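Work through the exercises below with the sequence and the model side by side. Try each task before reading its solution.

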Amino acid sequence: MEPTHQRCNRVNDIIALVGDKWSVLIVMHLTPEPRRFSEIKRSITGISQKMLTVTLRGLERDGYVHRRVYPTVPPRVEYRLTPLGEELQVPLRALGNWAEANYERVCAAREAYDDSATQRLEAAE
């Protein structure tokens with residue numbers, strides 16, 4: 001069996017791309033049906049063209065997204081999730097549901113922590 005640190009490194013390697021904000025949004029906005037670059041960009045508020053391009057390339061490299069270029073003028077490019085990308089939607093959706101269900105609890109914990117930290121700082125002064 002692999003040592004724990006090697007297993008953690010492997011997991012971190014995958015999560016590094018998948019865990020960033022834009023990758024999650026792109027994977028969740030894509031469907032098995034092809035979507036054009038401009039459709040994806042319109043569906044994700046705040047993403048720049050450059051960031052969308054970079055993120056799509058990373059997702060394509062890791063096998064989550066398939067890119068198809070049609071030989072037209074101008075070239076038409078479509079993206080769709082691969083079977084691996086579709087599988088990735090399952091845990092992302094579960095994590096999103098968990099985050100939504102626990103949002104109030106996390107906010108309350110943050111507020112309690114911040115209040116406690118403020119009180120400690122005031123006491124130290």
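**Exercise 1. Which pattern of helices and strands does the protein follow along the sequence?**

Solution. Start with the assignment: helices (H or I, at least four residues) and strands (E, at least two) are DSSP runs, numbered from the N terminus. Next, count: the protein has five helices and three strands. Then read along the sequence: the order is α-α-β-α-α-β-β-α.

Two conventions apply throughout. Each chain is numbered from 1 as its sequence is written, and side-chain values use heavy atoms, without hydrogens and water. The model is predicted, so local features need pLDDT of at least 70 and side-chain atom pairs count only at pLDDT 80 or more, while totals for chains, interfaces and linings use all residues.

**Exercise 2. Find the radius of gyration of the protein and set it against that of a compact globule.**

Solution. Use C-alpha atoms; the globule rule is 2.2 Å times the number of residues to the power 0.38. For 125 residues, the rule gives a value near 14 Å. The protein has 20 Å. Now take the spans: along the principal axes, the C-alpha trace covers about 70 × 45 × 25 Å.

**Exercise 3. Which residues of the largest nonpolar core touch the most other members?**

Solution. First, define the core: buried Ala, Val, Leu, Ile, Met, Phe, Trp, Tyr and Cys residues, joined through side-chain atoms within 4.5 Å. Buried means under 20% relative accessible area, exposed over 50%, and partly exposed in between (1.4 Å probe, protein chains only). The largest core has 19 residues, and Ile 26, Leu 30, Ile 40, Leu 52, Leu 56, Val 65 and Tyr 79 touch the most other members. Two or more residues each come from helix 2 (21-29), helix 3 (37-43), helix 4 (49-61), strand 3 (76-81) and helix 5 (83-124).

Last, inspect Ile 26. Leaving out residues up to four places away in sequence, Ile 26 touches Ile 44, Ile 47, Leu 52, Thr 55, Leu 56 and Leu 59. Contact here means heavy atoms within 4.5 Å.

**Exercise 4. Locate the salt bridge and classify its partners as buried, partly exposed or exposed.**

Solution. Search for a side-chain nitrogen of Lys or Arg within 4 Å of a carboxyl oxygen of Asp or Glu. The structure holds one such pair. Arg 76 and Glu 78 meet through their side chains at 3.5 Å, N to O. Arg 76 counts as partly exposed because its relative accessibility is 29%. Glu 78 has 14%, so Glu 78 counts as buried.
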